[in-house]
Structure formats: structure tokens, C-alpha cells
Amino acid sequence: MDFYLGLLQIIGVHTLLGLSAYVVLLTGQVSLAQAGFMAIGAYVAAMLTVLAKWALLPAMLAGGSVAAVVACLVGFPALRVRGLILVVATLAFGEAVRLFFFNFDYQIAMGDIRVGPLGGEGFRQIRYFPENGWTTFQVMVFIWLVVGTVMAALWWMDRSRAGAVLRAVGEDEVAAQSCGINLTAVKVLAMTAGGFIAGLAGAIYAHYTTHIEQGNFNIMVATFAIAYPILGGLSNVFGTLAAVVFIQGFLVEGLRFLGDWRNLLFGALIVLAMNLRPGGLLDARTTAALQRLRILARDPAAWRRVMGQLASGAAFSGAHAAVRRRIESWRGSPGA
Amino acid sequence: MLELDNLSKHFGGVKAVDGVSLDVKKGEIFGLIGPNGSGKSTIVNLIAGLLLPTSGRIIVDTRDVTGLQSHALVALGVARTFQNIRLFGQLAVWQNLWVAENRDRQRRSQPVVPRWLNGFAADRERIGKLLEFSGLAHKRDDLAANLSFGEQRRLELARALAAEPKLLLLDEPAAGMNAEEIEELDRRIRAIRDSGVTVLLIEHHMELIMAVADRIAVLNFGQKIAEGRPAEVQAHPQVREAYLGKAA
């Protein structure tokens, strides 16, 4: 049971991480700095709960805010470059953050032990959850409350004018500019929002693992961050969630029984998934189909019409004729 | 309304625009013609703030706007269309206008939360009215990428109008259109002018521009070689030379 709760926690944190990259990707920017923002959120929040004895929620918000401020500052120079150069620039920033924490010592004595980040040794004893008697289940629920809130906020943003503006910038910067959109403001805001969400992910991560070190925020994590929304598709936030479940739940954990062969299959399956669903796991067509289903479900007349069409189209084979008779018997029409 | 004062743009050694001065009056349709590579599109890009001039000034409505960024110019009432259509293909037709809509109009509408709960129905309604002018109301919820070529051109024009401009820059709006569509475009451009918008029209299609423009300037190799009423310009010897070559 604890295994599955742990898995749900991992999926929750990675969903936040993926969503932080999702916002930035909507504007057409590929950022490999998300792991760096996550590290900042993790260290700041953990230092606040461990060293300053803050409560978790304000510490998380502070961690997210510091990451957001840094992301905003990174956003301005990063705007001057685009495409591959932006990828390299953000990668360099992410690595700089990681190396900063590799060298960052700030320990204070607390009782008979010393706590706080200690360079390459990492930051141990982030014991907010055990000290306050949270069970694994409670932690899992808490994580998903945060994930749910962030997803709802982004869903709302996506459906409002802000979402259309982000997508417009992602599609054609010149046209967006000529429609009166301030590119600098939009891109920096997206970067800032992404930084805040990544910071939240880091803050949660630090508290449920109880031990963080610079290696937890390496290039691999940054790559995963952008892989989730790309693999999941950019039509809405659920694509990212689907991709995290697919990668963390199925590929990483589900295939563990394959031993060393897993990594080989892992790569192959990602390539396969991107070939079968080039627009992402949840692409625009799937979303549109789901939308139609929802409209259909609200309108019984249309529902019957579609079912009737399905049945009559398939009436040539005996099996489908039987289905048709059954449907007609449900409708109570004569000849059933 | 729009004044270009000795405007130049050099790309390395190439003088794409070379000391052009224009004075477009309020409420007129001003045509800009010239052979390929004569600097017409560069002028539009300069006015729209996509390029920085090498020298010279651009004045919109008595205000010097030289060096302003595109989005700031839109706020001052300068909107444009592109020679090669640049729509947001993955957004719905109405969202293309939503993004470009005039800020004041948005502020006049309700706060965001009730609008969102309502699926932005009021916004879609309002934009539906804008779309009616372009004959695209029935395509409101389609993706812009799925429109036909003519519809995409009309949508781009509607998107420029959504900003409620005072000055509209049209960069070859008739390119790729058939005779029927051009006739419709002619009516539409006049209707836009009659609603009080000043239009700067760049066009290769001579019939259209001669019919619709109040005044025309002719460019060749980045320089203005003639300016005047359509008939005057057509008769101008230098213009004939630029288009037809020197008489033997």
C-alpha cells in the first residue's frame, strides 16, 4: 500500500513539474531551467520549515515565490534568445543553480544536531511531516490538493483570454505583436508562473523525501519536465497528467520487473508513443471528440440519433443487426 | 494622419527604402505601388514597428512614433495585415479576434469570473458581430487553420479591425484572390474608409488599387518616383518606365 501511496506522491510532484513547463511551452519557449526553479523552491521551503520553524503552507508559498522571482529575472535576458539558444541558456542556468547548492552551506545547531543544507552532502532531516504526525496517506492527499488547485487554475487560465494570448504568442510572435500583444510581458509572465509552479513542486518534494541534494535537480529532471507536456500534448492540462502517469506510473514503475531491459524499452515506448500520437497523448482531436461526447450526453435526442446511425451503418452483419434490434427495443419502436 | 519624413531603411549596402516622404490624410485610401523589391513591404514593416528605420521619422496623428514597438503602435491605433497570411491556426476563428480586440472594449465588459463561468458567451457574442462584417459568423468556432484561403484573408482583415484602428495597413490583401473576391474586397475597403479609418493599401492588382485609392504613391528601388491621383500616376512617364521598361 505504501508503495502505491509513494507512487501517487511522485506522480503528483512530477505533474506539477510538467505543468510548470507546460505554461512556458504554450508561449513557444523550451526551458530546461525548470529543475533549477524546483531546486530553489525545495531549498527555500525546507530551510523555512526546518531552520525558521515556519508552517508548511507559508513556507511552500515562499519557496514558490522566490522561484518565481528568479524565473522572472531569468526571463528578461532569456527573451533575447530563442529556439536552441534559449534551450542552451536555460540549461546553463539550471546547472548554475545545481552547482550553487552543491557549494551552499548554511547549518545551525538545533539541540545536539546541526541541520541545514551542507553542500554535496545535501540537506537532511527535513522532518516537517513526521514531526507533525502526518501519515503517508495524508501527505498524498495534501499533494493532490495542491496539484488539483494548480490544475484548476491553469485550466481556467487556458480557457480565458490569457490562454488564447499565450497560444497566439507560441504560434506566431510577429502576428501576436501586430495584434497588440506585448511579447516581453507575456513571455516573462509565463516564465514567472512556470517558476512559481516548479517552486511549489520542489517545496513538496523536499518535504516528502525529507532529504534533498543537488543531484535531485539535474538535467534529467529538467528533461522530464519538458517531456511531460510535449508527450502529453498542449491542448490542455490533462495531457501533462496523462504523460506523467504514463511515464512515472507505467514506464518507470510498471516495467521494473524487466530489470535492466527496462531502460531500453522505456526509450522505445516513448518513441512509439510520439509516433502513434504526434500531437501528444491528449491531442486536439481527442479533446474535440471528448467535447462532442459531453455535448451528446446532455442531449438525449442527439444521443439516440448517433446510436441509430451507428446501428444502421453496421446493420449488414448479423451481430450488428442484433445490436440494432436491441437498441430499437430500448427505444420502444415497433418491429423490435 | 500618417506622415513619413525622409524615411530610410538600409540592409547592409541595400537601400530598401531610401528617403521616402509621404503624407497620408485622415480618412483617405492611400495606395502604395511599385515593382517587386521596390520597398513597399519594408515601409509597412517600418510603420508597424517590426523594423527600425535607419533614418527619418514616422508620425502618426501628430505624434512621433519612430522606434515604438508593434504592440505600442496597436494601442495608438495602427493595425495591419500581412502579405502572407499570419493567423493563429490552432486557435478558433473567434479567438483570433479575441486576442486582437481593442483593450478599451474589453475593459467595458464584465469582470472575468462571471464571464468565465458563462463560457465567455458574451465575448463570443460580441466577436460574432465583428465576424458578421467579414461573412465568417458561421465559422466562429472552427479552427482558423481549417478555413479556406479566401476566408483566411477575410479573417486576417477582421483581426486587424478588431483592434479598432485609426490607421489600417493592408499589405497586398488581394494576393491570390479571384475576380469575385477582389470585387468584394473593394467594397469592404471602401466600407472601412467610410467608417472613418484611414487606409494605407499596398497592392499589385492595378485594377483594384486604381479603382479604390484616393491617392497613390509609386516606389521604385526604394525611392518615391511619383505621387498623385490614380489617373495622374498612370500617365506619369517615370511610372510607365518602371513598370514597362524604357522605350527604345
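Which residue of E4(B) does Glu3(B) stand opposite? To find out, open the predicted model and begin with chain B.

**Stop 1: the antiparallel sheet of chain B**

Select strand E1 (residues 2–11) and strand E4 (residues 55–60) of chain B, which run antiparallel and are joined by 5 bridges. Within this pairing, the residue of E4(B) opposite Glu3(B) is Ile59(B). Next, extend the selection to the whole open sheet, whose 4 strands follow the order E2-E1-E4-E5 in chain B with antiparallel pairing. Its edges are formed by strand E2 (14–24) and strand E5 (63–64) of chain B, each of which pairs on one side only.

Keep the sheet displayed and add helix H1 (residues 40–47) of chain B. This helix lies across E1, E2 and E4 of chain B, and runs at about 65° to E2(B).

**Stop 2: strand E3 of chain B**

Now select residues 29–33 of chain B, which make up strand E3. The strand is mostly covered, with 5 of its 5 residues buried. Showing the side chains separates its two faces: Ile29(B), Gly31(B) and Ile33(B) lie on one side, while Phe30(B) and Leu32(B) lie on the other. Both faces are covered.

Two further strands of chain B should then be added to the selection. Strand E8 (residues 198–202) pairs with E3(B) in the parallel sense over 4 bridges; here Ile29(B) has Val199(B) as its bridge partner. Strand E9 (residues 215–220) also pairs with E3(B) in the parallel sense, over 4 bridges. In that pairing, Gly31(B) is found opposite Ile216(B).

**Stop 3: where chain B touches chain A**

Display both chains and select the residues in contact between them: 20 from chain B and 18 from chain A. On the chain B side, helix H2 (70–75), helix H3 (93–100) and helix H5 (112–117) each supply at least two residues. Colouring this side of chain B by residue class gives 12 nonpolar, 5 polar and 3 charged residues.

**Stop 4: helix H2 of chain A**

Finally, move to chain A and select residues 34–50, the 17 residues of helix H2. From its first C-alpha to its last, H2(A) reaches 24 Å, close to the 24 Å expected at 1.5 Å a residue. Is this helix enclosed or open to its surroundings? Of the 17 residues of H2(A), 17 are buried, so the helix is largely enclosed by the rest of the structure.

Notes: Residues numbered from 1 in each chain as written. Chains lettered and ligands numbered in written order. Predicted model: local features only at pLDDT ≥ 70, side-chain atom pairs only at ≥ 80, totals over all residues. Buried ≥ 20, exposed ≤ 12 C-beta atoms within 10 Å, placed from the backbone. Pairing = 2+ DSSP bridges. Contact = placed C-beta atoms within 7 Å. Axes fitted to C-alpha atoms, helices over the stretch in contact; angles between N-to-C directions. Expected span 1.5 Å × (residues − 1). Nonpolar A, V, L, I, M, F, W, Y, C, P; charged D, E, K, R; others polar.
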